[in-house]
Protein chains: 2
Amino acid sequence: MDTGYREQINQLDRLRKALKSVGMKLTYQRMVVFEEVAKTNQHPDAEAVYEAVRRHIPSVSLDTVYRTLWLLRDLGLIRTLGPQREKARFDANPHRHHHFVCNACGTAFDFDSPQFDELTVSYKLELVGQVQTAHVELRGICRHCLESMPLRQEKEAKEA
Amino acid sequence: MDTGYREQINQLDRLRKALKSVGMKLTYQRMVVFEEVAKTNQHPDAEAVYEAVRRHIPSVSLDTVYRTLWLLRDLGLIRTLGPQREKARFDANPHRHHHFVCNACGTAFDFDSPQFDELTVSYKLELVGQVQTAHVELRGICRHCLESMPLRQEKEAKEA
DNA sequence: ACACTATTTAGGATTTTATACTATTTAGTA
DNA sequence: TACTAAATAGTATAAAATCCTAAATAGTGT
Ligand SMILES: [Mn+2]
Ligand SMILES: [Mn+2]
Ligand SMILES: [Zn+2]
Ligand SMILES: [Zn+2]
């Protein structure tokens, strides 16, 4: 994954702009963390990013790496897969269904979607491996949380 | 969620059959854990299941609850949402894409699907709340793991 | 009904992942 | 160059899940 010099500049510029837009500082740590995530397609975990960053900044702390990663996500510069401080949940509902998870309160709601059900089948053939499950997970803010939210925040959530 | 007496019998019977089919014992702990997950649509986490089970078996251990939950999942009696001993992963790929996660090695592979992309849009209007992201996550066994797998296990994986 | 034994459990220790705290350093500004 | 709020390093702590081992028990055979 050799991201050329030109692309690196773009990345850095995106980071700079994003930080400025929310009035945060551009630190060397933030640059290196972003670079290290941006230059791979391996979906590294925090520990892997930490090790990579340490090669540039030996004294960097794990805390800084985590803070920066969540920050980059909040800025829309990277996204996250898998848990972020969530626990496993269990579901014995045997009927085919999908989930909407609230980013505010964490509640998971069931919903049906014949449309989503179709897909899974047609995609099970081709692909990188042998598909066992296909899960569509929608995330957002649930009706309940929206109602108990100040209007300004609700508008922000809508824009996100 | 009042699962009637009839349905409870069915549940218990499913558990009994599933355990027998793999030569495992039907214990009171396993019955209660399954019952407690089966009788709610609240997607409880392990701690919540633990508390519920304790009302029936005060001395039950958290370890038993976890072991049983993963077992029930492996038997296909329940399913899990969210992480199971996975770490968060980070992804700076700005192009729209989805993921295939290998259940064996944990690797996440990118893949494109115009078909999957379409969906998200049409579903963003209706629903339980305000959708921010829609992520299709396929899970299974990646080609690499399939190749380094004994044939018998591969067949089992195919059936799962 | 009773005994046998591989399986399962309870309870506590441990690991893993991530966050909290705080004294020190630094980026942005003038 | 000096100022100051923001950010970091280093360490402590928390939270989620698993490991370990002696004791208990489900299923089996008599
Ligand atoms: Mn569900
Ligand atoms: Mn990706
Ligand atoms: Zn909510
Ligand atoms: Zn794999």
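In which strand of chain A is A:His99 placed? I looked this up before anything else and found A:His99 in strand E3, residues 98–102. I note here that the model is predicted.

**Entry 1: chain A as a whole**

I counted the secondary structure of chain A and got 7 helices and 5 strands. I then read the elements along the sequence and wrote down the pattern α-α-α-α-β-β-β-β-α-β-α-α. Chain A has 160 residues, and 44% of them are buried. I also looked up the contacts in chain A with a separation of 6 or more, and 46% of these come from residues 24 or more positions apart. The accessible surface of chain A is about 9500 Å², and carbon and sulfur atoms hold 51% of it.

**Entry 2: A:His99**

I went back to A:His99 and asked whether it is buried or exposed. A:His99 counts as buried because its relative accessibility is 0%, and the cut-off for buried is under 20%. I listed the polar contacts of its side chain next. One joins A:His99 to the side chain of A:Asp91 at 3.1 Å. Another joins A:His99 to the side chain of B:His43, also listed at 3.1 Å. Leaving aside neighbours within four places in sequence, I found A:His99 in contact with residues of chain A including A:Phe109, A:Phe111, A:His135 and A:Glu137. From chain B, its contacts include B:Arg79 and B:Leu81.

**Entry 3: the manganese ion**

Which protein residues are donors of the manganese ion, ligand 1? I found A:Asp91 and A:Asp110, each through OD, and A:His97, A:His99 and B:His43, each through NE2. These donors lie 2.1 to 2.2 Å from the ion. I checked two of the donor residues for burial, and both A:Asp91 and A:His97 are buried.

**Entry 4: B:His43**

Where in chain B is B:His43 found? I located B:His43 in the loop between H2 and helix H3, the latter spanning residues 46–54. B:His43 has a relative accessible area of 4%, so I recorded it as buried. Its side chain makes a polar contact of 3.3 Å with the side chain of A:Asp91. I have the contact with A:His99 from Entry 2 as well, at 3.1 Å. Not counting residues up to four places away in sequence, B:His43 touches several residues of chain A, among them A:Arg89, A:Phe90, A:Ala108 and A:Asp110. B:Leu81 of chain B is also touched by B:His43.

**Entry 5: A:Phe111**

I picked A:Phe111 since it appears among the contacts of A:His99. A:Phe111 is in strand E4 of chain A, residues 108–111. I recorded A:Phe111 as buried because its relative accessible area is 7%. I also compared its position with that of A:Leu69. The two are 42 residues apart in sequence, and their C-alpha atoms are 31 Å apart in space.

**Entry 6: DNA strand C**

How many residues are around DNA strand C? I found 20, and the nearest are A:Tyr66, A:Trp70, B:Thr64, B:Arg67 and B:Lys87. Of the atoms of DNA strand C that come within 4 Å of the protein, 74% are sugar and phosphate. I looked up single atom pairs as well. An N or O atom in the side chain of A:Lys25 is 3.0 Å from a base nitrogen of DNA strand C. A:Asp63 has a polar side-chain atom 3.2 Å from a base nitrogen of this strand. On the backbone of the DNA, a phosphate oxygen of strand C is 2.8 Å from an N or O atom in the side chain of B:Thr27. H4 of chain A, and helix H2 (28–38) and H4 of chain B, each supply at least two residues of the surface near DNA strand C. By class, I wrote down 6 nonpolar, 5 polar and 9 charged residues for this surface.

**Entry 7: DNA strand D**

Which residues are closest to DNA strand D? I listed A:Thr64, A:Arg67, A:Lys87, B:Tyr66 and B:Trp70, out of 20 that surround the strand. Sugar and phosphate make up 74% of the atoms of DNA strand D that come within 4 Å of the protein. A polar backbone atom of A:Ser61 is 3.0 Å from a phosphate oxygen of DNA strand D. B:Leu26 places a backbone N or O atom 2.7 Å from a phosphate oxygen of this strand. I found a base nitrogen of DNA strand D 2.8 Å from a polar side-chain atom of B:Lys25.

Note on methods. Residues are numbered from 1 along each chain as its sequence is written. Chains are lettered from A and ligands numbered from 1 in the order in which they are written. This is a predicted model: local features need pLDDT of at least 70, side-chain atom pairs count only at pLDDT 80 or more; totals for chains, interfaces and linings use all residues. Side-chain values use heavy atoms; hydrogens and water are left out. Helices (H or I, at least four residues) and strands (E, at least two) are DSSP runs, numbered from the N terminus. Buried means under 20% relative accessible area, exposed over 50%, partly exposed in between (1.4 Å probe, protein chains only). Contact means heavy atoms within 4.5 Å. Accessible areas come from the Shrake-Rupley method with a 1.4 Å probe; for residues, only the protein chains shown count as cover. A residue is near a molecule or strand if one of its heavy atoms lies within 4 Å of it. A polar contact is a pair of N or O atoms within 3.5 Å; within protein, one must be able to donate a hydrogen and the other to accept it, and residues adjacent in sequence count only if both atoms are side-chain atoms. Donors are N, O and S atoms within 2.8 Å of the metal (3.2 Å for Na, K and Ca); water is not among the atoms, so sites may look incomplete. Ala, Val, Leu, Ile, Met, Phe, Trp, Tyr, Cys and Pro count as nonpolar, Asp, Glu, Lys and Arg as charged, and the others, Gly among them, as polar.
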